[in-house]
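Let's take a walk through a protein model together. Have the sequence and the 3D view ready, and click along as you read.

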Amino acid sequence: MRHILAISLFVLISTSSLQSRASAEIGVVFSQDEIRIISAWYRDNGAVSRKGKGKNNSTGLPPGIAKNLARGKPLPPGIARQGLPDELRHALPAPPSGYERVVVDGKVLLVEIATRVIHDILVDSVLR
C-alpha cells in the first residue's frame with residue numbers, strides 16, 4: 001500500500017512540474033500586433049534576407065540544422081543570424097526582457113538570450 005501511495009505521489013508531482021514548465025515555455029510568443037507589424041513590413045519592403053557564404057544560399061540551411069530550428073530547441077552553435085532591420089525594430093514594441101528577435105534562414109525567431117532557446121518562429125509564409 002505504501003508503495004502505491006509513494007508512486008502515485010511521485011507521478012502527481014512529476015506531472016504538475018511538467019505542466020508548469022510547459023506553460024512557462026508557451027508564455028513568450030509573438031503577439032498578434034507583432035505578427036501584423038512584421039508581416040506588413042516585409043510585404044512592403046521585401047523578403048527576409050538570406051545572406052551567407054557559399055553557392056547554395058538559395059537552398060537555405062542544411063536539413064539537419066534546419067530541423068533544429070524549432071520551438072523549444074536552442075539555436076545551433078555558430079548559426080548565421082541577423083538582427084531585424086532598424087526601421088522594423090523601431091516600429092515594434094520592445095521584446096520581453098531577456099529575449100531578442102533575430103532572422104535566421106528567412107524566419108524571424110523570438111529567442112531567449114541566456115539559453116538561446118527558440119520560443120516562437122514566424123515562417124516565410126507569414127512574412128509574404
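Is Asp-105 buried or exposed? Asp-105 has a relative accessible area of 18%, and the cut-off for buried is under 20%, so Asp-105 counts as buried. Keep in mind that this is a predicted model, so every value here is computed from predicted coordinates.

**The overall layout**

Let's step back for a moment. The chain holds 4 helices and 4 strands, and along the sequence they come in the pattern α-α-α-β-α-β-β-β. There are 128 residues, and buried ones make up 27% of them. The accessible surface adds up to about 8700 Å², with 59% of it belonging to carbon and sulfur atoms. What about contacts between residues at least 6 apart in sequence? Of these, 56% join residues that are at least 24 apart.

For one pair that is far apart in sequence, try Ala-91 and Trp-41. They are separated by 50 residues along the chain, while their C-alpha atoms are 9.1 Å apart in space. Ala-91 belongs to helix H4, which covers residues 86-91, and it is partly exposed at 46% relative accessibility.

**How the strands pair up**

Now find strand E2. It pairs with strand E1 (residues 82-83) in the antiparallel sense, over 2 bridges, and in this pairing Gln-82 sits opposite Val-103 of E2. E2 also pairs with E3, again in the antiparallel sense, this time over 6 bridges. Here Tyr-99 faces Glu-112 of E3. How enclosed is E2? Since 5 of its 6 residues are buried, E2 is largely enclosed by the rest of the structure.

Back to Asp-105. You'll find it in the loop between E2 (99-104) and E3 (107-112). These two strands form a hairpin with 2 residues between them, and Asp-105 takes a positive phi near 50° there. Asp-105 is not a glycine, yet its phi is positive. Arg-116 does something along those lines too: it has a positive phi of about 65° and isn't a glycine either. You'll spot Arg-116 in the loop between E3 and strand E4 (118-122).

Here are three residues with their relative accessible areas, for easy lookup:

| Residue | Where it lies | Relative accessible area |
|---|---|---|
| Asp-105 | loop between E2 and E3 | 18%, buried |
| Arg-116 | loop between E3 and E4 | 27%, partly exposed |
| Asp-120 | strand E4 | 6%, buried |

**A buried aspartate with a partner**

Asp-120 deserves a closer look. It lies in E4 and is buried, with a relative accessible area of 6%. What does its side chain make a polar contact with? The partner is the side chain of Arg-71, at 2.6 Å. Leaving out residues up to four places away in sequence, Asp-120 touches Val-29, Phe-30, Arg-71, Val-108, Leu-109 and Leu-110.

**The nonpolar cores**

Here's a general idea to carry into this part: in soluble globular proteins, nonpolar side chains tend to be buried together. In this model, the largest nonpolar core has 14 residues, and the members touching the most other members are Phe-30, Ile-38, Tyr-42, Leu-84, Leu-88, Leu-92 and Val-108. Helix H2 (32-45), E2 and E3 each supply at least two residues of this core. H2 gives the most, with 4 residues. Apart from this core lies another one, of 9 residues, including Val-102, Val-104, Val-111 and Ile-118.

Phe-30 is a good one to select in your viewer. Leaving out residues up to four places away in sequence, its contacts include Ile-35, Ile-38 and Val-108, as well as Asp-120.

**Where to be careful**

How confident is the predictor? The pLDDT averages 77 over the chain, and 66% of the residues score at least 70. Residues 14-25 have a pLDDT below 50, and beyond near neighbours in sequence, this stretch has 1 contact in the model. Residues 52-58 are also below 50, with 2 contacts beyond near neighbours in sequence. Where pLDDT is low, the predicted coordinates should not be read in detail.

Methods:
Residues are numbered from 1 along each chain as its sequence is written. This is a predicted model: local features need pLDDT of at least 70, side-chain atom pairs count only at pLDDT 80 or more; totals for chains, interfaces and linings use all residues. Side-chain values use heavy atoms; hydrogens and water are left out. Buried means under 20% relative accessible area, exposed over 50%, partly exposed in between (1.4 Å probe, protein chains only). A polar contact is a pair of N or O atoms within 3.5 Å; within protein, one must be able to donate a hydrogen and the other to accept it, and residues adjacent in sequence count only if both atoms are side-chain atoms. Contact means heavy atoms within 4.5 Å. Accessible areas come from the Shrake-Rupley method with a 1.4 Å probe; for residues, only the protein chains shown count as cover. Two strands pair if DSSP finds at least two bridges between them. A nonpolar core is a set of buried Ala, Val, Leu, Ile, Met, Phe, Trp, Tyr and Cys residues joined through side-chain atoms within 4.5 Å. pLDDT is the predictor's confidence in each residue, from 0 to 100.
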